[in-house]
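Please look through the sequence and the structure below before reading on. The paragraphs that follow lead from one residue to the overall fold and back to single residues.

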Amino acid sequence: MRAANDPAGPLKVISLCAGDGRDLLHVLAGHPRRHEVRARLVELDSRNTAAASETTRRACLDQVEVVTGDASLIDQYQDLAPADLVLVCGVFGNITDNDIEHTIGACNQLCKTGGTVIWTRHRAAPDRVPMICEWFGAQGFELQWLSEPDVGYGVGVHRFAGTPQRLRNGTRMFEIVGYDLLRQNEAAQSV
């Protein structure tokens, strides 16, 4: 999000697999420019979306939309893309490597030129964080910040330097899978 002293103007935010919204809502609630932010948080679990909706109501975040739905469908973001900020937190540790790369490939449809993607991924073996950074780089994103490896988790911030691509309707970016399938996939790719 822009700093309080940056030029005024509307901001668009997209949050995939938003959970209860804690990656955005608690910061936004106290931000001096919160009323300039139009956001869509998409989450499949209705318990989480109920909590996020309650947080938005209490904080009077009237331009934040909480959607109970499949966050992997790019159509969910049709009227907000390309956005200033795209949050992909808690996703990359629950999908296959192929789907991580595919989701990063779709970020150039979701993010505007100069916009930011913030993502997370655990650092457990095999550590996929370096590969994720390479995939973002291949899509025209520049690394702005990356958490240190010794903290045990990966948080990355990438700025999009390319030209946003047209939203390809009907695209499914990823499929959440169980840990057993993730372990098999990681073992097969390590061989």
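Which residues does Leu-16 touch, not counting residues up to four places away in sequence? In this predicted model, Leu-16 touches Val-42, Ala-71, Tyr-77, Val-86, Leu-87, Val-88, Cys-89, Val-91, Leu-110, Met-173 and Phe-174. Leu-16 also belongs to the largest nonpolar core, which has 33 residues; Leu-16, Phe-92 and Leu-110 touch the most other members. Several elements each supply at least two residues of this core: strand E1 (11–16), strand E4 (83–88), helix H3 (97–110), strand E5 (111–122) and helix H4 (129–138). Another core lies apart from it and has 17 residues, among them Leu-24, Leu-25, Ala-52 and Val-66.

Now step back to the whole chain. The protein has five helices and seven strands. Read from the N terminus on, these elements follow the pattern β-α-β-α-β-β-α-β-α-β-β-α. There are 191 residues in the protein, and 46% of them count as buried. Contacts with a separation of 6 or more can be sorted by how far apart the partners are in sequence: residues 24 or more positions apart account for 79% of them.

The strands come next. Seven strands form an open sheet in the order E3-E2-E1-E4-E5-E7-E6, and the pairing is mixed. Strand E3 (64–68) and E6 are the edge strands, each pairing on one side only. From one strand to the next, the twist averages 15°. Helix H2 (residues 46–58) packs on this sheet, where H2 touches strand E2 (37–43) and E3, and the direction of H2 makes about 165° with that of E3. Helix H3 lies across E1, E4, E5, E6 and E7, and runs at about 155° to E5. Within the sheet, E5 and E7 pair in the antiparallel sense over seven bridges. One of the residues to look for here is Arg-121, whose bridge partner in E7 is Gly-154.

Ala-106 is found in helix H3. Is Ala-106 buried or exposed? Ala-106 counts as buried because its relative accessibility is 3%, and the cut-off for buried is under 20%. Leaving out residues up to four places away in sequence, Ala-106 touches Ile-74 and Met-173. The C-alpha atom of Ala-106 is separated by 8.7 Å from that of Thr-171, although these two residues are 65 residues apart along the chain.

Helix H4 shows how buried residues can be arranged on a helix. In H4, the residues Val-129, Ile-132, Cys-133, Trp-135 and Phe-136 are buried. Why do the buried residues of H4 line one face of the helix? Seen down the axis of H4, they fall within an arc of 160°, so they line one face. The general background is that an α-helix has 3.6 residues a turn, so residues three or four places apart point the same way. The face of H4 turned away from the buried side carries Glu-134 and Ala-138, which are exposed. The cover over the buried residues of H4 includes H3, E5, strand E6 (141–146) and E7. Just after H4 comes Gly-140, which takes a positive phi of about 90°.

Strand E7 (residues 153–160) contains His-158. His-158 is buried, because its relative accessible area is 1%, again under the 20% cut-off. Which side chain does a polar contact of 3.1 Å join to that of His-158? The partner is Trp-119. Trp-119 is also among the residues that His-158 touches when those up to four places away in sequence are not counted; the others are Gly-115, Thr-116, Val-117, Cys-133, Phe-136, Phe-141, Glu-142, Leu-143 and Gln-144. Two of these, Cys-133 and Phe-136, have already appeared as buried residues of H4.

The last stop is Ser-147, found in the loop between E6 and E7. Ser-147 is buried too, with a relative accessible area of 5%. A polar atom of the side chain of Ser-147 lies 2.9 Å from the backbone oxygen of Tyr-153. Setting aside neighbours within four places in sequence, Ser-147 is in contact with Arg-123, Tyr-153, Gly-154 and Val-155. Gly-154 was met earlier as the bridge partner of Arg-121.

Technical notes:
Residues numbered from 1 in each chain as written. Predicted model: local features only at pLDDT ≥ 70, side-chain atom pairs only at ≥ 80, totals over all residues. Heavy atoms only, no water. Helix = DSSP H or I, 4+ residues; strand = E, 2+ residues; numbered from the N terminus. Buried < 20%, exposed > 50% of the residue type's maximum accessible area, 1.4 Å probe, protein only. Polar contact = N/O pair within 3.5 Å; in protein donor to acceptor, adjacent residues only side chain to side chain. Contact = heavy atoms within 4.5 Å. Core = buried A, V, L, I, M, F, W, Y, C linked by side-chain atoms within 4.5 Å. Arc of directions from axis to C-beta. Pairing = 2+ DSSP bridges. Axes fitted to C-alpha atoms, helices over the stretch in contact; angles between N-to-C directions.
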